[in-house]
Each structure stands twice: as C-alpha cells, then as structure tokens.
Amino acid sequence: LAGSLLFLLLWISFLVFVPIKIAAQESIFSWPKTIIEVDVFSDINAYINALEKQIKLKEGYDDDRFFVETNGVEYTFVSTITTSHLKTYTHYFRAVSPKYNKKEMKAFYFHVVDNEAPTVISVKDFKMIIDGNKPNYEKGINVVDNYTPQADLSIEIDDSNVSYNEIGSYQIIFIVSDSSNN
C-alpha cells in the first residue's frame, strides 16, 4: 500500500498543466440594433420584415443560401407579440450560412410604446356668475386618446389668469396627458 501511494504521489508530481486558450470566433453576420421601439397598434410584421432585411453577412463573406429564421427560434413566435399592449417582448432571430456552416442567434427586444398625445376635440366657453366660485372646467373639455381610456386621462387646469371677481374674458390652459405621459 505504501508503495502504491508513493507511486501515485510521484506520478502526480510529474503532471504538467498546459494552459488551453479558448477564443470565441468572430461573427460572420452583421446585426442591426437589438432594441426596437414599436408604435402601439402597429403591424409587427413590418418591423420583423425590416429587421430581417438588415441582417446580413459581413463584408468579405458571400453565401447564396444565406437565410434568416424569424419564427420559432428559441420558441419565440411573432404571433405572440401583441402591439395593442404596452410591453417589451423578447424575440429571437437566427442567421444561417450553410456555406460557412455557421449559425448565430440574437435576441431582439420589441418595446411597444404609445408616443401619441391625447387630442382635444372641443372646449366649451364658460359663462359664470361673479361670486368667487370656480366652475368645473373638466366638464367643458372633450378629449380622446389612441390608447388610454378617457376616464384615465390626466387633466391639469391652469386658471391663474382668471379673476373670479371681475367681468372679462380670460384664458384657461388645459394640460392633458395619457398613461404614457404624452
């Protein structure tokens, strides 16, 4: 037993550790930016198609059979991206070059946003009795938004130019914003 241990110790002392250099291969694909802002209620296929056309082989590479997979990569499907919800969706694309036997996958982040401000349809004129009381100005404004329901719109009223004890015409400023702060 002692001889076996001595042999094992001698054998271990002769082991030489050789450093192994592992280098990542440079990509042969050219990718566009990976964060894409998508307008609410827009057609996601237009964004997918535009991105697909931007993914290419880098200069110096040529492959007639090069293609890009846009659906089903890493179990992500275009049909699950719903542009009627303000949300960020992760969707994977795969670039494939059969000639160079290369495949590369990349995540894209589709950020569905509402950049459209609410629209003031009408504002009624207010006539009031001079008694120092303010009217309910919100009842006199008609506003719509492309995404936020009317009941959830924020309406700020600046009536600092109005003198409630003097006859006259005054300007009232309405500041309307939606849930996206437009």
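So, phenylalanine 41: with a relative accessibility of 48%, it counts as partly exposed, because the exposed class only starts over 50%. You'll find phenylalanine 41 in the loop between strand 2, residues 35–39, and helix 2, residues 44–54. What caught my eye is the backbone, since phenylalanine 41 has a positive phi of about 70° and is not a glycine. Most residues other than glycine have a negative phi.

There's another residue like that, asparagine 181, with a positive phi near 60° and, again, not a glycine. Asparagine 181 sits in the segment after strand 10. Is asparagine 181 buried or exposed? Exposed, with a relative accessible area of 67%.

Before I go on: this is a predicted model, so please hear everything today as computed from that prediction. How confident is the predictor? The average pLDDT over the chain is 88, and 86% of the residues score at least 70. Confidence is lowest in helix 1, where the mean is 52, and highest in strand 5, at 98. Keep helix 1 in mind when you look at the picture.

Okay, the overall layout. The chain has two helices and 10 strands. Reading from the N terminus, the order goes α-β-β-α-β-β-β-β-β-β-β-β. Of the 182 residues in the chain, 27% are buried. And if you take contacts between residues at least 6 apart in sequence, 59% of them join residues at least 24 apart.

Leucine 86 gives you one place to look at contacts across the sequence. Leucine 86 is in the loop between strand 4 and strand 5, and at 31% relative accessibility it's partly exposed. Leaving out residues up to four places away in sequence, what does leucine 86 touch? Val40, Val112, Val113, Asp114, Tyr147 and Ser180. Take valine 113 from that set: leucine 86 and valine 113 are 27 residues apart in sequence, yet their C-alphas are 5.5 Å apart in space.

Then there's serine 177, in strand 10. Serine 177 has a relative accessibility of 17%, so it counts as buried, the cut-off being under 20%. Its contacts, setting aside neighbours within four places in sequence, are Pro118, Leu153, Ser154 and Asn182.

Now, charges. Side chains of opposite charge can pair when their charged atoms come close. How many salt bridges does the structure hold? Three, and I'll take them in turn.

One is lysine 58 with glutamate 26, at 3.8 Å from N to O. Lysine 58 is in the loop between strand 3 (56–57) and strand 4 (67–69), and glutamate 26 is in the loop between helix 1 (2–13) and strand 1 (29–30), so the pair ties together parts that are 32 residues apart in sequence. Lysine 58 is partly exposed at 30% relative accessibility, while glutamate 26 is exposed at 65%.

Next, arginine 94 and glutamate 69, with an N to O distance of 2.6 Å. This pair also links distant parts of the chain, with arginine 94 in strand 5 (residues 88–97) and glutamate 69 in strand 4, 25 residues apart. Both partners are partly exposed: arginine 94 has a relative accessibility of 22%, and glutamate 69 has 26%.

And the last one is aspartate 159 with lysine 134, at 3.3 Å, N to O. Aspartate 159 is in the loop between strand 9 (154–158) and strand 10 (173–177), lysine 134 is in the loop between strand 7 (119–123) and strand 8 (141–144), and the two are 25 residues apart. Here a buried residue meets an exposed one: aspartate 159 is buried at 14% relative accessibility, and lysine 134 is exposed with a relative accessible area of 56%.

Last stop, the pockets. The largest pocket has a volume of about 370 Å³. Which residues lie nearest its centre? Phe126, Met128, Gly168, Ser169 and Tyr170, out of 18 residues in the lining. As for character, the lining of that largest pocket divides into 11 nonpolar, three polar and four charged residues.

That's my tour. If you open the model yourselves, I'd start back at phenylalanine 41, with that positive phi, and then go along to asparagine 181, which has one too.

How values were computed: Residues numbered from 1 in each chain as written. Predicted model: local features only at pLDDT ≥ 70, side-chain atom pairs only at ≥ 80, totals over all residues. Heavy atoms only, no water. Salt bridge = Lys/Arg side-chain N within 4 Å of Asp/Glu carboxyl O. Helix = DSSP H or I, 4+ residues; strand = E, 2+ residues; numbered from the N terminus. Buried < 20%, exposed > 50% of the residue type's maximum accessible area, 1.4 Å probe, protein only. pLDDT = per-residue confidence, 0-100. 1 Å grid on protein atoms, 1.4 Å probe; cavity = no way out; pocket = protein on both sides within 12 Å on 5 of 7 lines; lining within 4 Å. Points joined across faces, edges and corners; volume = space filled by probe spheres on them. Nonpolar A, V, L, I, M, F, W, Y, C, P; charged D, E, K, R; others polar. Contact = heavy atoms within 4.5 Å.
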